[in-house]
Amino acid sequence: MSILVNKDTKVIVQGFTGKEGTFHASQCIDYGTQIVGGVTPGKGGQEHLGRPVFNTVEEAVASTGATVSMIFVPPAFVADAVMEAADAGVELAVIITEGAPVRDMMYAKMYATKKGMSTIGPNCPGIITAEECKIGIMPGNIFKKGNVGLISKSGTLTYEASHQVVQEGYGITTAVGIGGDPIIGLSYKQLLPMFEADPETEAIVMIGEIGGDLEIQAAAYIKEHISKPVVAFIAGQTAPKGKRMGHAGAIISGGSGTAAEKMAALEAAGVKVVVSPADIGKAVKEVLTK
Amino acid sequence: MNIHEYQAKEIFRKYNVPVPKGKVAFTVDEAVEAAKELGGKLWVVKAQIHAGGRGLGGGVKLAKSLDEVRHWADEILGMTLVTHQTGPEGKVVHKVYIEEGADIAKEYYLGMLLDRAAEMPVMMASTEGGMEIEKVAAETPEKIVKVTIDPTVGFQGFHGRKLAFGLGLPKEEVGTFIKFASALYKAYMDNDAEMVEINPLIKTGDGKFLALDAKMGFDDNALYRHPDIAEMRDLDEEEPTEMEAKAHGLSYIKLDGNVGCMVNGAGLAMATMDIIKHEGGEPANFLDVGGGANPETVAKGFEIILKDPNVKAIFVNIFGGIVRCDRVANGILEATKITDVNVPVIVRLDGTNAAEAAEILKNANIENIIAAENLADGARKAVAAAKGEL
């Protein structure tokens with residue numbers, strides 16, 4: 001089992017024939033993901049990576065039955081691409097693109113929600129169900145199958161966490177990189193119940209960072225609704241106030257959104273919070289052998 | 001990206017957000033000329049730097065004559081202004097804004113930013129004008145009135161009424177206030193602003209609202225569609241090393257410690273700072289060389305880190321994924337040939353082909369390149385090296 005995506009998930013790629021889209025789509029195909037086609041306006045009718053190319057998402061969905069779209073279009077066109085996917089009845093859009101304007105994402109997410117489409121990202125590594133389906137830019141070989149669910153705002157820290165979990169002898173059910181922008185799609189609060197309901201997931205790792213209050217919302221949710229053990233690490237404990245730490249959303253503004261307040265809230269909700277990023281794997285082992 | 005008060009007020013004027021008359025000046029003579037042109041008998045000479053608390057730091061002065069304008073402009077231009085937002089080193093003032101004096105009957109606060117939980121802009125108003133809004137929020141949150149505004153419908157009358165009545169304005173002033181707030185909303189949305197703050201917003205003796213101060217920040221990702229705003233960037237206000245890093249696709253922020261950090265990915269870069277601290281050291285910087293970590297970016301990373309004379313050791317923490325560790329290891333060796341690295345470099349490479357990478361570093365046999373076994377080991381070694389204990 002897993003959440004959101006598995007070996008049967010049919011995926012199209014928006015921005016299929018571009019450099020990034022091509023490279024990562026072929027990596028996903030190698031991993032075993034069912035990439036069933038792609039969209040590049042003006043290139044409809046062609047074939048790329050042995051898959052059909054369509055001019056519109058609507059045609060792609062009608063012809064392939066895809067339910068998920070992986071989006072690689074440049075930042076200025078992301079909102080348009082997301083809305084097109086939502087309009088075409090796509091169920092989940094995984095937005096990899098970095099650098100989309102906040103205002104665009106605000107409108108795109110509102111429209112997606114209205115159309116019943118979920119989004120992951122933008123500016124994220126994507127989602128992977130270990131050894132079944134990789135929709136994103138993560139190195140697939142790091143994610144061995146197992147019983148730990150992973151939710152993370154950061155790309156390389158996701159790989160780090162998965163690697164540590166695997167080194168301790170465990171593995172991953174599904175890992176979701178939710179991205180670190182000010183407005184993102186699915187977040188801890190929506191993903192935690194999915195892992196709670198997944199019979200294979202026995203523990204959940206959540207990686208957060210400074211900025212915003214999604215981790216605080218997650219803490220409140222965990223306290224009320226999550227029975228499985230949760231391990232958390234919050235990056236940016238040493239980050240200065242008012243400085244944007246790489247991710248557009250990673251900023252302590254007006255003294256709020258600090259790592260300390262998030263760690264305290266999670267701890268109060270019964271989460272095993274690690275101070276050192278090197279201790280994530282060990283903490284997973286601890287909660288699973290308790 | 002942030003802009004100066006005088007620039008924010010230019011934008012306000014364009015959107016009919018009322019502001020006092022004023023002109024920017026780069027020299028003392030220009031300042032006096034500006035005051036003459038503005039006319040009147042009372043002027044305010046205001047230092048233009050990207051930081052709040054200018055008044056308390058001595059950067060805002062009232063002048064009752066042209067001689068006084070000259071005096072204060074001379075005093076302020078070129079001064080190093082230290083406020084609670086500049087840090088102890090302060091900021092040099094390169095320009096002043098000369099503004100007509102205003103008749104202040106009452107001071108308010110009005111601001112906008114993104115409410116990340118609601119995923120919509122929020123407008124906030126308070127009767128505690130002139131105070132720092134964070135302080136008001138912490139101490140007397142009941143004195144802040146907030147409205148989240150759904151951008152698909154935009155600023156409506158009820159938003160304005162909620163704020164106006166929340167501020168306790170008499171009914172004859174509500175209309176004027178709503179007009180003001182609605183214009184501000186448009187200035188914020190049209191320009192992809194990230195924040196706008198008017199503190200204080202004043203009510204004059206004759207019942208008009210005026211933005212006495214103005215602060216605006218913009219979404220960097222949206223600047224491509226606002227060339228007029230992108231042009232307002234003041235390089236004097238930016239950290240030169242941070243700008244240089246950015247030009248090479250790196251994200252760098254200088255900190256006060258002595259352990260340099262080079263990492264791929266923003267989250268892991270923050271986590272690396274955290275573990276340095278956890279192991280008893282102090283990070284010298286945040287540096288994200290990007291997911292790929294190729295030889296050129298790594299070389300540039302070394303160069304940028306070593307500009308900081310405090311750096312006594314560098315911790316390279318790379319998680320190799322699609323870009324394999326062996327390639328990154330070769331890249332690091334190549335980078336040390338391009339840039340002269342004269343401090344110990346602790347290298348932790350993990351992920352795809354980590355064993356091969358360790359072999360490459362070992363065989364290279366370079367004295368100041370020390371391989372680490374894992375994240376914790378790397379951090380410990382880097383902290384020890386910075387203390388001269390390795």
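**Figure 1. Around Glu173(B), a buried acidic residue in helix H6 of chain B.** In this predicted model, Glu173(B) touches Lys203(B) and Phe209(B), once residues up to four places away in sequence are set aside. The helix that carries Glu173(B) is H6, which covers residues 171-190 of chain B. With a relative accessibility of 13%, Glu173(B) falls in the buried class, because the cut-off for that class is under 20%.

**Figure 2. Asp192(B), a residue with positive phi between H6 and E10 of chain B.** Step along to the loop that links H6 and E10, and you find Asp192(B). Its phi is near 55°, a positive value in a residue that isn't glycine. That stands out, because most residues other than glycine have a negative phi. Is Asp192(B) buried or exposed? Asp192(B) counts as buried, at 4% relative accessibility.

**Figure 3. The cis peptide bond at Pro200(B).** Here the view moves into strand E10 of chain B, residues 193-204, where Pro200(B) is found. The bond joining Asn199(B) and Pro200(B) is cis, and omega is about 15°. As a reminder, most peptide bonds are trans.

**Figure 4. Thr83(B) in the loop between E4 and E5 of chain B.** The loop in question runs between strand E4 (80-81) and strand E5 (91-92) of chain B, and Thr83(B) lies in it. What does the side chain of Thr83(B) reach? At 2.7 Å sits the backbone oxygen of Gly52(B). Gly52(B) also turns up in the contact list of Thr83(B), along with Ala51(B), Gly53(B) and Arg54(B), leaving aside neighbours within four places in sequence. Loop or not, Thr83(B) is buried, and its relative accessible area is 8%.

**Figure 5. Where chain A meets chain B.** On the chain A side 57 residues make contact, and they meet 48 residues of chain B. Together the two chains bury about 3900 Å², with 62% of that on carbon and sulfur atoms. There's plenty of polar detail to look at too: 15 residue pairs are in polar contact across the interface, both partners at pLDDT 80 or more. Which parts of chain A each supply at least two residues of the side that touches chain B? They are helix H1 (19-31), helix H4 (102-114), helix H5 (155-167) and strand E13 (230-235). H4(A) gives the largest share of that side, 7 residues. By residue type, the side of chain A that touches chain B splits into 28 nonpolar, 19 polar and 10 charged residues.

**Figure 6. A salt bridge from Arg348(B) to Glu160(A).** The count of salt bridges between chain A and chain B is 6. In the one formed by Arg348(B) and Glu160(A), the closest N and O atoms are 2.7 Å apart.

**Figure 7. The open seven-stranded sheet of chain A.** Read across, the 7 strands come in the order E3-E4-E2-E1-E5-E6-E7, and their pairing is mixed. Strand E3 (47-48) and strand E7 (118-120) are the edges, each pairing on one side only. Further in, strand E1 (residues 10-14) and strand E2 (residues 34-39) of chain A run parallel, paired over 5 bridges. To get your bearings, find Val13(A), which stands opposite Gly38(A) in E2(A).

**Figure 8. Two odd backbone spots in chain A: Leu4(A) and Pro122(A).** Leu4(A) belongs to the segment before E1. Its phi is positive, about 65°, although Leu4(A) is not a glycine. Leu4(A) is partly exposed, at 36% relative accessible area. Pro122(A), in turn, lies in the loop between E7 and strand E8 (126-129) of chain A. The peptide bond leading from Gly121(A) into Pro122(A) is cis, with omega near 10°.

**Figure 9. Strand E11 of chain A and its partners E8 and E10.** Why call E11(A), residues 172-177, largely enclosed by the rest of the structure? Because 6 of its 6 residues are buried. E8(A) joins E11(A) through 4 bridges, and those two strands run antiparallel. Ile127(A) faces Val176(A) of E11(A) as its opposite number. Strand E10 of chain A (residues 145-152) pairs with E11(A) as well, in the parallel sense and over 5 bridges. There, Lys145(A) stands opposite Ile172(A).

Definitions and conventions:
Residues are numbered from 1 along each chain as its sequence is written. Chains are lettered from A and ligands numbered from 1 in the order in which they are written. This is a predicted model: local features need pLDDT of at least 70, side-chain atom pairs count only at pLDDT 80 or more; totals for chains, interfaces and linings use all residues. Side-chain values use heavy atoms; hydrogens and water are left out. Contact means heavy atoms within 4.5 Å. Buried area is the accessible area (1.4 Å probe) that two parts lose on being put together, summed over both. A salt bridge is a side-chain nitrogen of Lys or Arg within 4 Å of a carboxyl oxygen of Asp or Glu. A polar contact is a pair of N or O atoms within 3.5 Å; within protein, one must be able to donate a hydrogen and the other to accept it, and residues adjacent in sequence count only if both atoms are side-chain atoms. Ala, Val, Leu, Ile, Met, Phe, Trp, Tyr, Cys and Pro count as nonpolar, Asp, Glu, Lys and Arg as charged, and the others, Gly among them, as polar. Buried means under 20% relative accessible area, exposed over 50%, partly exposed in between (1.4 Å probe, protein chains only). Two strands pair if DSSP finds at least two bridges between them.
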